[in-house]
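Work through the exercises below with the sequence and the 3D structure side by side, and try each task before you read its solution.

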Amino acid sequence: MPDRPMIEIASVTRTYGKFNALDDASLSIRPGEFFSLLGPSGCGKTTLLRMIGGFDTPTSGTITIDGQPMLGIPANRRPTNMVFQSYAIFPHLDVEQNVAYGLKRLRLDPAEERRRIDEALAQVSLAGFGKRRATELSGGQRQRVALARALVMRPKVLLLDEPLSALDKKLREQMQVELRTLQKAVGITFVLVTHDQYEALAMSDRIAVMFGGRIAQVAAPKDIYQRPVNRQVADFLGGMNFIQAALVGENGTAIEVETMGFGRVTTPKPAQWSGKGGAVTIGIRPERLRVLWDQETARHELSGTVVDRHYFGEITHLVVAIPGMDAPLSVTETNDFGADDIPVGAQIRIAYEPDALVAMAD
Amino acid sequence: MTVAIGRRPATPARPGLLRTEQRQGLALMSPTFLFALVMLAAPILVVIAHSFWTQTYLTIDRTFTLDNYRIALTEPIYRDLLMRSLILSMSVAFLTVLLAYPVAYYISFHGGRYKSLLLFLITIPAWTSYLLRVMSWKVILGYNGVLNTALLGTGIIDEPSTAFLYNTNAVLITLTHAWAVFAILPIYVSLEKVDRTLIEAASDLGDGPIRRFLRVTLPLTVPGIIAALIIVMIPTVGDYVTPRLVGGKDGVMIASAIEVQFKRGANWPLGAALSVTTMIVITVVAVSCVGLLRWAAGRIR
């Protein structure tokens with residue numbers, strides 16, 4: 001059954017006293033998928049991951065892994081392995097013994113065990129580090145050991161709890177690429193917990209965005225970035241201009257709204273559209289707004305005054321006041337045409353595509 | 001008149017000895033340190049010196065001799081007493097650690113918010129005098145004691161047993177109880193230092209509760225176990241009060257023999273030689289125990 005989900009989370013709730021760490025979460029993760037749980041700290045993503053791994057028990061609801069209900073099955077008998085945030089490398093063992101830790105119990109033939117250890121160490125580019133003690137490793141190397149130690153078990157699901165958060169920026173970006181490549185190579189389902197939206201966008205097949213114990217949206221990175229269901233999701237994934245609009249008409253899949261500045265716009269209905277009330281929030285990402293130079297024209301354009309600017313090296317953020325709009329628009333422009341030379345006070349024209357405008361549920 | 005601006009008056013130079021922080025630290029602790037050094041080293045030096053001299057009735061002949069050591073090492077009574085003391089103190093140490101570990105484990109892993117309270121409760125027996133605690137064991141283990149009465153009452157034995165008091169077991173029980181606190185505390189500290197995620201990692205990798213205890217928790221707490229063993233073993237070898245009060249004839253240990261030489265026997269040099277021998281032997285035994293444990297811990301994979 002290729003269509004059977006690898007992990008099925010059905011109405012899982014976890015309460016600590018009066019606090020709802022996770023509130024009626026349902027989720028389905030496909031085999032071989034790189035799935036991310038994204039959200040701010042305290043949103044319940046780690047709680048959910050720990051419940052999949054067997055380190056915490058749902059107050060209600062069920063978790064099924066590869067068709068097998070996980071109720072009452074302890075962590076040591078689940079087909080999952082975890083890369084812990086602190087890596088949890090055994091300090092009294094060397095690299096090889098750490099990697100071999102879980103294999104010992106399987107009582108493999110020594111040659112087979114040797115082969116699997118070497119293979120796992122090679123997969124994480126740690127060949128030749130076998131005899132190093134855990135205390136002699138750098139943060140990046142410890143992370144690789146943790147990864148090898150889990151992969152060597154050939155789990156159905158690999159759980160990663162903020163594995164890159166302790167690394168510096170450069171190493172983190174390198175590991176993002178490596179993790180993604182590794183996941184494609186081994187074909188194991190990866191479930192990653194992160195609070196870093198770029199990490200989630202760069203690595204995942206699909207992302208679940210969580211807030212306050214609830215899953216707000218589950219979608220592919222591009223969809224979640226471009227078509228967030230609500231303001232909270234939009235905001236968490238990056239800069240977004242929010243524009244107040246009034247509902248004019250709607251049909252089965254689309255709504256028509258009257259906006260300040262952008263005029264009358266037709267856009268797909270948001271996923272959690274309640275249909276109540278006449279006020280709608282429309283959003284557009286700052287990089288979907290483009291500065292028009294000199295005589296250049298566009299089918300859809302706005303004009304306004306630069307009121308503030310922020311320089312970020314390869315890009316510049318311009319804050320542009322548009323007559324008739326109550327809040328200024330953020331515009332992100334790459335600096336290859338000299339956007340960094342636009343002074344505050346300049347009159348500029350900006351272009352946009354109407355399909356970049358997205359309606360949100362709240 | 002000119003006013004210097006922005007320049008602080010020079011601070012008076014400190015005496016050279018106190019210039020660096022390290023030196024200040026040394027200066028700060030030196031009175032205590034010197035006191036401790038003198039009070040520790042002086043008696044030991046006196047004992048070592050005596051062990052090479054000879055007692056001639058009331059005076060001491062200060063010519064160098066190894067005779068005392070020859071007697072201490074070859075005389076069967078001293079060899080036996082030393083062996084017995086060693087075996088007893090090792091038994092006490094191992095038994096204490098064996099009993100202390102579960103207590104420390106419980107407090108550390110399941111104590112929750114009552115950890116401090118539980119630790120505090122454990123120290124309570126140590127508030128009363130050591131002598132009183134030994135005496136209470138006499139009350140418990142005696143012919144008409146608590147234990148015999150209880151066993152009679154439940155019908156397990158028909159007449160009071162004399163097997164509990166005035167023998168090696170009584171010494172073992174009393175010492176184990178007396179030193180329990182000193183074993184629980186270092187083991188507790190080492191258990192507290194075990195990163196709980198490591199235990200989760202072990203279970204993630206397939207280990208059940210017993211295996212993860214043996215493969216992770218136990219090896220990581222070896223330093224605490226070693227500390228507990230040494231803390232208990234070393235002082236109990238030379239214990240004098242307990243064997244004297246509850247040990248009877250079988251429970252006599254080397255300390256009693258040393259006491260006899262210094263008092264009734266009036267042979268300080270022999271007493272000194274026995275003391276030094278005991279110190280050396282216990283050092284060797286303690287060091288080998290540590291080595292053995294480290295080796296054993298290193299074998300756990």
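**Exercise 1. Describe two stretches of chain B that a record annotates.**

Solution. Begin with residues 114-132 of chain B, where the chain is 63% helix and 0% strand, and where the end C-alpha atoms are 29 Å apart. Here helices (H or I, at least four residues) and strands (E, at least two) are DSSP runs, numbered from the N terminus. Next take residues 86-108 of chain B, a span that is 100% helix and 0% strand, with its end C-alpha atoms 31 Å apart. According to an unreviewed UniProt entry, the annotation "transmembrane region" covers residues 33-53, 86-108, 114-132, 169-191, 212-234 and 270-293 of chain B. UniProt positions are given in the numbering used here, feature names are shortened, and such annotations may be inferred rather than shown by experiment.

Before going on, note that this is a predicted model, in which local features need pLDDT of at least 70 and side-chain atom pairs count only at pLDDT 80 or more, while totals for chains, interfaces and linings use all residues. Residues are numbered from 1 along each chain as its sequence is written, and chains are lettered from A and ligands numbered from 1 in the order in which they are written.

**Exercise 2. Place V281(B) in its surroundings.**

Solution. First locate the residue: V281(B) is found in helix α13 (residues 268-299) of chain B. Then count its neighbours: with 17 other C-beta atoms within 10 Å, V281(B) is partly exposed, since a residue is buried if 20 or more other C-beta atoms, placed from the backbone, lie within 10 Å of its own, exposed if 12 or fewer, and partly exposed in between. Finally look for partners: leaving aside neighbours within four places in sequence, V281(B) is in contact with L82(B) and L86(B), where contact requires C-beta atoms, placed from the backbone, to lie within 7 Å. V281(B) and M83(B) are 198 residues apart in sequence, and their C-alpha atoms are 9.7 Å apart in space.

**Exercise 3. Describe the side of chain B that touches chain A.**

Solution. Start with the totals: 15 residues of chain B are in contact with 19 residues of chain A. Then ask which elements contribute: α8 (196-204) and α9 (209-220) of chain B each supply at least two residues of this side, and the largest share, six residues, comes from α8(B). Last, sort the residues of this side of chain B by type, which gives six nonpolar, four polar and five charged. In this sorting Ala, Val, Leu, Ile, Met, Phe, Trp, Tyr, Cys and Pro count as nonpolar, Asp, Glu, Lys and Arg as charged, and the others, Gly among them, as polar.

**Exercise 4. Outline chain A and its domains.**

Solution. Chain A has eight helices and 20 strands, and its C-alpha trace spans about 75 × 45 × 40 Å along its principal axes. Of its 362 residues, 40% are buried. The domain assignment, whose bounds come from an automatic or database source, gives domain 1 (7-226) and domain 2 (228-362) of chain A. The centres of these two domains, taken over C-alpha atoms, are separated by 37 Å. Eight residues of domain 1 of chain A are in contact with 10 residues of domain 2 of chain A, and the domain 1 side divides into five nonpolar, three polar and no charged residues.

**Exercise 5. Read the order of strands in two sheets of chain A.**

Solution. In one open sheet, six strands follow the order β6-β7-β8-β3-β9-β10 (chain A), with mixed pairing; two strands pair if DSSP finds at least two bridges between them. Its edge strands are β6 (80-83) and β10 of chain A, each of which pairs on one side only. Within chain A, β3 (residues 34-38) and β8 (residues 189-194) pair in the parallel sense over five bridges, and the bridge partner of S36(A) in β8(A) is L192(A). In another open sheet, five strands of chain A follow the order β15-β19-β16-β17-β18, and the pairing is antiparallel.

**Exercise 6. Is helix α2 of chain A largely enclosed or open?**

Solution. Eight of the 10 residues of α2 (residues 95-104) of chain A are buried, so this helix is largely enclosed by the rest of the structure. Among the buried residues of α2(A) are V95(A), V99(A) and L103(A), and the cover over its buried residues includes α3 (110-123) and α4 (139-151) of chain A.

Conventions:
Two residues are in contact if their C-beta atoms, placed from the backbone, lie within 7 Å.
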